[in-house]
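Okay, thanks for coming, everyone. I'd like to walk you through one model today, so let me put it up on the screen.

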Amino acid sequence: MPAPQPPQPSQTPQPPQPPHADQGAPTSALASVVPPVLAEVVRSGFVEGRHRGSLVVLGADGAVELALGEVTAPVFPRSANKPMQAAGVLRAGLDLAGERLALAAASHSGEPFHRDLARKMLDEYGLDPALLQCPPDLPLDAEERETYLASGAVPDRVTMNCSGKHTAMLAVCAQQGWPLDTYLDPEHPLQRVIHGVVEDAAGEPVAAVGTDGCGAPLMAISLVGLARAFRSFVAAEPGSAERRVADAMRAHPEYVAGSRRADTWLMREVPGTLSKMGAEAVQAVALPDGRALAFKIEDGATRALGPVLARALTLLGVDAPVVERIGRAPLLGGGREVGEIRASF
């Protein structure tokens with residue numbers, strides 16, 4: 001009889017093993033930290049969900065007064081970076097003011113006055129709307145979106161909430177003779193200026209550069225850095241790029257957000273306040289006396305933004321009716337209110 005053969009290794013394909021960090025695995029500075037619960041979802045008296053996140057509050061002197069979660073790890077501030085991007089456009093040489101500068105720092109709702117000003121700015125600088133590299137979109141505001149669609153309109157680049165920022169970026173590039181087709185390249189001269197503004201304002205190096213939803217370069221900084229940046233804008237010298245942006249946003253908050261948005265309400269009803277939200281549930285605020293806050297909801301749930309912001313403002317001593325308005329987040333059942341999303345810190 002033939003001698004028995006040793007068993008052969010199985011030919012069944014094995015599932016791929018997750019790569020080690022040094023093999024290019026995606027990493028996150030927050031991966032080893034479990035953030036605290038910042039908001040609870042309460043329905044009929046029963047807590048059915050929780051939103052975790054990290055939050056920092058700075059005192060008037062810039063010192064950290066409250067830190068919940070990991071506030072020194074980098075995050076993508078998303079559109080909360082827009083004031084710094086607008087300041088970069090000014091530093092690069094574009095002379096903007098008033099509503100135009102506010103729109104350059106905006107995540108606008110896509111209301112008619114937003115779209116009209118964006119088109120007017122494009123015309124003023126001799127720019128074709130086709131040069132915009134933000135994607136075509138519908139109005140950000142839900143009510144405006146229904147009206148827009150009912151009129152037969154379709155997604156458009158000017159309607160996209162970042163169109164003011166992109167228009168300002170194109171305008172300064174045209175003015176300086178910089179390439180228009182690559183204005184969103186992180187190595188473009190304009191984006192290098194913006195990179196420097198972000199680092200100057202945050203007081204820390206940019207930890208990573210990604211691509212935002214609108215296609216623009218996105219610089220990662222910590223929540224402490226984000227709060228510090230907003231504080232630096234309200235405390236900047238009059239006439240500086242940073243102060244000009246802060247002043248324009250605070251004077252024309254409806255162009256920064258829209259008629260039905262918390263940033264607008266807060267800047268309009270608490271004079272001197274600078275406020276800007278970002279996608280994935282990021283928020284930054286600075287008060288005129290230098291106190292500031294920044295937070296991010298870990299799961300990106302924007303429904304928790306209002307309650308968490310209202311609670312943080314209360315901790316900062318802001319006593320105004322708008323705080324309660326911002327914090328109200330009712331839950332409905334059968335068409336009636338049966339619960340709420342509430343802050344839990």
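I'll go from the whole chain to the pocket, then to a few helices and single residues.

First, the ground rules: this is a predicted model, where local features need pLDDT of at least 70, side-chain atom pairs count only at pLDDT 80 or more, and totals for chains, interfaces and linings use all residues. Residues are numbered from 1 along each chain as its sequence is written, and side-chain values use heavy atoms, with hydrogens and water left out.

Okay, the overall picture. The protein chain has 12 helices and 11 strands; those are DSSP runs numbered from the N terminus, H or I with at least four residues for helices, E with at least two for strands. Its C-alpha atoms fill a box of roughly 95 × 55 × 50 Å along the principal axes. Of the 345 residues, 50% are buried, and buried here means under 20% relative accessible area, exposed is over 50%, and partly exposed is in between, with a 1.4 Å probe and protein chains only. About 15,600 Å² is exposed, and carbon and sulfur atoms supply 52% of that; the areas are Shrake-Rupley with a 1.4 Å probe, and for residues only the protein chains shown count as cover. If you take contacts (heavy atoms within 4.5 Å) with a separation of 6 or more, 62% of them join residues 24 or more positions apart.

Now, how much space lies in the largest pocket? About 880 Å³. A pocket, on a 1 Å grid over the protein atoms alone, is an open set of points where a 1.4 Å probe fits, with protein on both sides within 12 Å along at least five of seven lines, and lining residues have an atom within 4 Å of a point. The volume is the space filled by probe spheres set on the points, which are joined across faces, edges and corners.

The lining has 34 residues, and the closest to the pocket centre are R261, A262, M277, T302 and L305. Elements that give two or more residues are α4 (142-150), α10 (262-269), β7 (274-278), α11 (305-315) and α12 (321-327). The split is 15 nonpolar, 8 polar and 11 charged. For that count, Ala, Val, Leu, Ile, Met, Phe, Trp, Tyr, Cys and Pro are nonpolar, Asp, Glu, Lys and Arg are charged, and the others, Gly among them, are polar.

So which element gives the most to that lining? That's α11, with 4 residues. α11 is mostly covered, with 8 of its 11 residues buried, including L305, P307 and L313. Right after α11 comes G317, with a positive phi near 85°.

On to α10: its buried residues are D263, T264, W265, L266 and M267, and their cover includes β7, α11 and α12. T264 counts as buried because its relative accessible area is 0%. Beyond four places in sequence, T264 touches P253, E254, A257 and G258.

Two more stops. G164 lies in helix α5 (residues 163-176) and is buried, at 1% relative accessible area. Leaving aside neighbours within four places, G164 is in contact with L103, A104 and H108.

And D128: buried or partly exposed? D128 counts as partly exposed because its relative accessibility is 45%. D128 sits in the loop between α3 (112-124) and α4, and a polar atom of its side chain lies 2.8 Å from the backbone nitrogen of A130.

Conventions: A polar contact is a pair of N or O atoms within 3.5 Å; within protein, one must be able to donate a hydrogen and the other to accept it, and residues adjacent in sequence count only if both atoms are side-chain atoms.
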